[in-house]
Amino acid sequence: MIQPDFIRVLLIDDDQDDYFLTRELLSDIPGGRFQLDWTPDYAAGLEAVCAGGHDVFLVDYRLGAKTGIDLLRETRTRGRSGPVILFTGQGHSRTAMEAPHAGADDYLEKAGLTPSLLDRSIKFAIVQQRA
């Protein structure tokens with residue numbers, strides 16, 4: 001059962017290994033206050049963001065034929081938004097510049113991801129959306 005003080009996180013990533021890694025990182029954050037859901041599909045992820053049932057969205061940059069930037073832009077055209085952290089396997093300055101313009105609250109490289117960095121980024125994204 002999900003407790004009311006849990007932070008509902010949705011990971012939109014087409015790689016199951018990245019789901020397991022994210023689940024492990026979140027479980028290593030003291031307090032155990034994250035409920036992680038996962039969708040490996042761009043279309044289902046788009047619908048989930050538009051439905052707004054999560055507190056924060058972790059979106060992979062590469063989602064098959066489309067990107068996380070495409071997903072963010074499409075949610076904005078539908079009038080929906082939420083706290084979003086864009087994940088990428090490779091850091092590119094162009095992507096780092098594109099991410100905030102598309103609506104991402106943060107941009108993290110998977111290779112350097114730690115529980116404390118992820119925790120801080122999630123909290124920051126949620127606070128930014130409430131401000």
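Modeller: Before we start, one bit of vocabulary: two strands pair if DSSP finds at least two bridges between them. Keep in mind too that this is a predicted model.

Colleague: Okay, so which residue in E6 is the bridge partner of Phe57?

Modeller: That's Val84.

Colleague: And how many bridges join E3 to E6?

Modeller: Four bridges link strand E3, residues 56-60, with strand E6, residues 84-88. Those two strands run parallel.

Colleague: What holds paired strands together in general?

Modeller: Strands of a sheet pair through backbone hydrogen bonds, and the pairing can be parallel or antiparallel.

Colleague: Let's zoom out. In what order do the strands of the open sheet come?

Modeller: The order is E2-E1-E3-E6-E7, so to speak a row of five strands, and the pairing is parallel. Strand E2 (34-39) and strand E7 (106-109) are at the edges. Each of them has a single partner strand, so one side of each has no neighbour in the sheet.

Colleague: How much does the sheet twist from one strand to the next?

Modeller: The twist averages 20° per step from strand to strand.

Colleague: What about the whole chain: how many helices and strands are there?

Modeller: The chain has five helices and seven strands. Going along the sequence, you read the pattern β-α-β-α-β-β-β-α-β-α-β-α.

Colleague: New topic, then. How do H2 and H3 cross?

Modeller: Helix H2 covers residues 42-51 and helix H3 covers residues 68-77; their axes come within 10 Å and cross at roughly 40°. That angle makes H2 oblique to H3. The crossing of the two is right-handed.

Colleague: Which residues meet there?

Modeller: From H2 you have Tyr42, Gly45, Leu46, Val49 and Cys50, and they meet Asp70, Leu71, Glu74 and Thr75 of H3. Sorted by class, this H2 and H3 contact has five nonpolar, two polar and two charged residues.

Colleague: And H3 with H4, at what angle do their axes cross?

Modeller: Roughly 15°, and the axes of H3 and helix H4 (residues 93-102) come within 9 Å. Angles under 35 degrees count as roughly parallel, and H3 and H4 are therefore roughly parallel to each other. The crossing of H3 and H4 is left-handed.

Colleague: Who makes that contact?

Modeller: H3 brings Ile69, Leu72, Arg73 and Arg76, while H4 brings Glu98, Ala99, His101 and Ala102. By class, the contact of H3 with H4 has four nonpolar, one polar and three charged residues.

Colleague: Last one: how does the radius of gyration of the chain fit a compact globule?

Modeller: It agrees: a compact globule of 131 residues would have a radius of gyration near 14 Å, and the chain has 13 Å. Along its principal axes, the C-alpha trace spans about 35 × 30 × 30 Å.

Definitions and conventions
Residues numbered from 1 in each chain as written. Predicted model: local features only at pLDDT ≥ 70, side-chain atom pairs only at ≥ 80, totals over all residues. Heavy atoms only, no water. Axes fitted to C-alpha atoms, helices over the stretch in contact; angles between N-to-C directions. Parallel < 35°, antiparallel > 145°, perpendicular 65-115°, else oblique. Left-handed = near helix turned anticlockwise from the far one by under 90°. Contact = heavy atoms within 4.5 Å. Nonpolar A, V, L, I, M, F, W, Y, C, P; charged D, E, K, R; others polar. Rg over C-alpha atoms; globule rule 2.2 N^0.38 Å.
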